[in-house]
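Morning, everyone. I have one structure to show today, and I'll keep it short. Let's put it up.

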Amino acid sequence: DATNCRYWKASNPDTQWRWVFYDLDLSMNQASTNSLQRLLAPDSLRFSKDIRLLYAWLLRNPDYKQRFLERASFLYQEVFSPPMANKGIDLFVDLYEPEIAQELERWKHRRDWTRSVEILRRFFDTRPEYLRTFFRDHYRLSHSELDRLFPPSEDL
């Protein structure tokens with residue numbers, strides 16, 4: 001699947017279908033990549049036509065659009081903000097750094113661990129300003145909507 005997305009549902013008949021995303025390492029290389037345009041635009045080739053049509057249809061509902069933007073805002077401010085992302089990276093580094101020498105020896109990697117961690121940090125430090133622009137343009141947000149939903153990174 002081009003989107004690295006699968007679906008699952010528990011056997012209980014009252015549960016909903018869920019998406020599971022995987023193999024997302026390349027999604028955090030270039031902070032300036034307009035992922036909204038790449039994934040959600042009507043002419044996108046990253047999702048099947050059915051998913052793009054469903055998304056476009058759902059966005060016609062103002063309540064859905066608002067809920068979508070509120071959820072994106074929460075993730076932007078609380079989960080993927082530079083301070084929270086760096087805390088997560090710190091936890092990851094503390095957990096795995098002691099194993100890196102052995103991993104490099106075993107698999108004969110030539111990747112620079114420290115540089116990879118810094119690329120990840122730089123991504124999360126610079127991504128918010130790009131996301132503000134992407135959300136503003138894609139959803140035609142006013143300045144006040146943009147500042148409320150996606151405040152400048154210095155305010156996070």
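Start with phenylalanine 21. This residue is partly exposed, with a relative accessible area of 43%. Partly exposed here means between 20% and 50%, so 43% falls in that range. Where does phenylalanine 21 sit? In strand E2, residues 18-21. And Phe21 has company: Tyr7, Trp17, Trp19, Phe21 and Leu24 make a nonpolar surface patch of about 590 Å².

A word on what you're looking at. This is a predicted model. Mean pLDDT for the protein chain is 89, and 97% of its residues reach 70 or more. Confidence varies by element. H1 has the lowest mean pLDDT, at 79, and H6 has the highest, at 97.

Now the layout. The chain has 6 helices and 2 strands. The order from the N terminus is β-β-α-α-α-α-α-α. The C-alpha atoms fill a box of roughly 55 × 45 × 30 Å along the principal axes. Of contacts between residues at least 6 apart in sequence, 58% join residues at least 24 apart.

On to the inside. How much of the chain is buried? Of its 156 residues, 26%. In soluble globular proteins, nonpolar side chains tend to be buried together. Here, the largest nonpolar core holds 14 residues. The members that touch the most others are Leu36, Leu69, Phe135, Tyr139, Leu141 and Phe150. Which elements give two or more residues to this core? Helices H1 (35-40), H3 (62-79), H5 (113-139) and H6 (143-149). H5 gives the most, with 4 residues.

Take a closer look at leucine 69. Leaving out residues up to four places away in sequence, leucine 69 touches Phe135, Tyr139, Leu141, Leu149 and Phe150. There is also a second, separate core of 9 residues, with Ala31, Val93, Val117 and Phe123 among them.

Next, one backbone detail. Arginine 140 lies in the loop between H5 and H6. Its phi is near 50°, a positive value in a residue other than glycine. Is arginine 140 buried or exposed? Exposed: the relative accessible area is 75%. The cut-off for exposed is over 50%, so arginine 140 qualifies.

Last, the outside as a whole. The accessible surface comes to about 11,700 Å². Carbon and sulfur atoms account for 54% of that.

That's my tour. Over to you.

Definitions and conventions: Residues are numbered from 1 along each chain as its sequence is written. This is a predicted model: local features need pLDDT of at least 70, side-chain atom pairs count only at pLDDT 80 or more; totals for chains, interfaces and linings use all residues. Side-chain values use heavy atoms; hydrogens and water are left out. A nonpolar core is a set of buried Ala, Val, Leu, Ile, Met, Phe, Trp, Tyr and Cys residues joined through side-chain atoms within 4.5 Å. Buried means under 20% relative accessible area, exposed over 50%, partly exposed in between (1.4 Å probe, protein chains only). Contact means heavy atoms within 4.5 Å. Patches are made of residues with over 30% relative accessible area and no salt bridge: like charges are joined within 9 Å, nonpolar side chains (Val, Leu, Ile, Met, Phe, Trp, Tyr) within 5 Å. Accessible areas come from the Shrake-Rupley method with a 1.4 Å probe; for residues, only the protein chains shown count as cover. A salt bridge is a side-chain nitrogen of Lys or Arg within 4 Å of a carboxyl oxygen of Asp or Glu. pLDDT is the predictor's confidence in each residue, from 0 to 100.
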